[in-house]
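Q: Could you walk me through this one while I have it open? I'd like to go strand by strand and then look at the charged pairs.

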Amino acid sequence: MWVQGAVLCEPLKQLYLSNPLSSNGTRFLTNHYQKRRSSVVVMSMTTKGDAVPIMVNGCNGKMGSSVILAANSAGLQILPKSFGPEKEAGNTVEVFGNEIKIHGPSERESVLASLYDDYPNMIVVDYTVPDLVNDNADLYCRVGVPFVMGTTGGDRDILYKTVDASKVYAVISPQMGKQVVAFLAAMEIMAGQFPDAFAGYSLHVKESHQAGKLDTSGTAKAVISCFKKLGVSFDDEIEMIRDPKEQVELVGVPEEHLSGHAFHLYYLSSPDKTVSFEFQHNVCGRSIYAEGTIDAVLFLAKKIQSRADKRIYNMIDVLREGNMR
């Protein structure tokens, strides 16, 4: 069984057929920033694309710049400040026609608080690095600014506890690609309705991403969680492929997409090896994630405007809303 994404990868298929087995958690109290602005944010936020200012942290990275390109097309306002490493602090970069000043770690809070004063209906989009996920989320919650967390990694349990305690609106998802999220949702439904349907089956997982991706695929982890609910045995070892030569020759990644791709394959086999299933989703480029991120921003703006009781959302919530562009 092949559940296929953008590219059918015969080399990877053959490889599997030939060798299937080959911060802290303290409760967070929001400070005066959020208390001072809560009513202003609700009254001024709209869902019109051109009325939502966004601050893209990690703006000169691959994903950050892709989001800015998508935001330009959607008519969102790109704010002229972004967080980056200390070595880039003070630099001004141009990203698809937007001049943005980079601010280092030492000035993050003062910069964000000042920007939030000027743009009380802003939303932060975070595409930084895994090691900064929790620190950045702490800051957003401390200032009280809503955010979309597209960066993977970090301690996700602490992340959710921090946001929940702060009552800040946020979309948090390890996967921003809408179609991939729909596949994940289908997996969740199957796991919920047919528990242990694959009891006794073993699972082998391979994922290939650009060499610069430091952490294991969050999407793979989410799919594996569903398979475990279906009764599958898994040793928690995901084969990460980051070598460009292997990606081309064994996985089938087009050379022009070595710098930006996400290929996943999940191989299940019965205890006697007479039955096997394969699920595959392959993505070339980053536009699918950038477009999903913009949908998440507009979704979050709508929730803030409506004073929704729920504060923390994921991309499945965005899909269920049905207002994607």
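Q: Which residue in β5 is the bridge partner of Glu 94?
A: In this predicted model, Glu 94 has Glu 99 of β5 as its bridge partner. The two strands involved, β4 and β5 (residues 98–103), run antiparallel and are joined by 4 bridges.

Q: What's the strand order in the sheet there, and how is it paired?
A: The order is β3-β5-β4, an open sheet of 3 strands with mixed pairing. Its edges are β3 (81–83) and β4 (92–95), each of which pairs on one side only. Direction ignored, neighbouring strands of this sheet are turned by 40° against each other on average.

Q: Moving to β1, is it buried or exposed?
A: Strand β1, residues 53–57, is mostly covered, with 5 of its 5 residues buried. That holds for both faces, since Pro 53, Met 55 and Asn 57 are buried on one side and Ile 54 and Val 56 are buried on the other.

Q: And which way do β1 and β2 run, parallel or antiparallel?
A: They run parallel, and 2 bridges join β1 to β2, the latter covering residues 77–78. Within that pairing, Pro 53 stands opposite Gln 77 of β2. Together with helix α3 (residues 62–74), β1 and β2 also make up a β-α-β unit, which is right-handed.

Q: How many bridges does β1 have with β6?
A: There are 4 bridges between β1 and β6 (residues 123–126), and the pairing is again in the parallel sense. Val 56, one of the buried residues of β1, stands opposite Val 125 in β6.

Q: Before I go on, where does pLDDT stay under 50?
A: It stays under 50 over residues 1–50, although the model has 114 contacts beyond four places in sequence for that stretch. Where pLDDT is low, the predicted coordinates should not be read in detail. For the protein as a whole, the average pLDDT is 86, and 84% of the residues score at least 70.

Q: New topic: which strand is Ala 262 found in, and why does it count as buried?
A: Ala 262 is found in β11, which spans residues 261–269. Ala 262 counts as buried because its relative accessible area is 4%, whereas the cut-off for buried is under 20%.

Q: What is Ala 262 in contact with, leaving aside its neighbours within four places in sequence?
A: On that basis Ala 262 is in contact with Ser 208, His 209, His 281, Asn 282, Val 283 and Tyr 289. As for Thr 219, it is 43 residues from Ala 262 in sequence, and the C-alpha atoms of the two are 9.7 Å apart.

Q: What does β11 pair with?
A: Strand β11 pairs with β12 (residues 276–284) in the antiparallel sense over 9 bridges, and Leu 268 stands opposite Phe 277 of β12. The hairpin formed by β11 and β12 has 6 residues between the strands, and Lys 273 there takes a positive phi near 65°.

Q: Okay, charges now. How many salt bridges are there?
A: The count comes to 11 salt bridges. One of these pairs Asp 295 with Lys 178, with the closest N and O atoms 2.7 Å apart. That pair links distant parts of the chain, as Asp 295 is in helix α10 (residues 287–305) and Lys 178 in helix α7 (residues 178–193), 117 residues apart.

Q: Are Asp 295 and Lys 178 buried or exposed?
A: Both Asp 295 and Lys 178 are buried.

Q: What does Lys 229 form a salt bridge with?
A: Lys 229 forms a salt bridge with Glu 188, and the closest N and O atoms are 3.5 Å apart. Because Lys 229 lies in helix α8 (residues 218–229) and Glu 188 in helix α7, the pair ties together parts that are 41 residues apart in sequence. Lys 229 counts as partly exposed at 42% relative accessibility, and Glu 188 counts as partly exposed at 36%.

Q: And Lys 310, which side chain does it meet in a salt bridge?
A: The side chain of Lys 310 meets that of Asp 317, at 3.3 Å from N to O. Lys 310 is partly exposed, with a relative accessible area of 42%, whereas Asp 317 is buried, with a relative accessible area of 14%. Elsewhere, Lys 302, Lys 303 and Glu 321 are joined into one network by salt bridges that share partners.

Note on methods:
Residues are numbered from 1 along each chain as its sequence is written. This is a predicted model: local features need pLDDT of at least 70, side-chain atom pairs count only at pLDDT 80 or more; totals for chains, interfaces and linings use all residues. Side-chain values use heavy atoms; hydrogens and water are left out. Buried means under 20% relative accessible area, exposed over 50%, partly exposed in between (1.4 Å probe, protein chains only). Two strands pair if DSSP finds at least two bridges between them. A crossover is right-handed if, with the strands pointing away from the viewer, the path from the first strand over the helix to the second runs clockwise. Axes are lines fitted to C-alpha atoms, for helices over the stretch in contact, and angles run from 0 to 180 degrees between N-to-C directions. pLDDT is the predictor's confidence in each residue, from 0 to 100. Contact means heavy atoms within 4.5 Å. A salt bridge is a side-chain nitrogen of Lys or Arg within 4 Å of a carboxyl oxygen of Asp or Glu.
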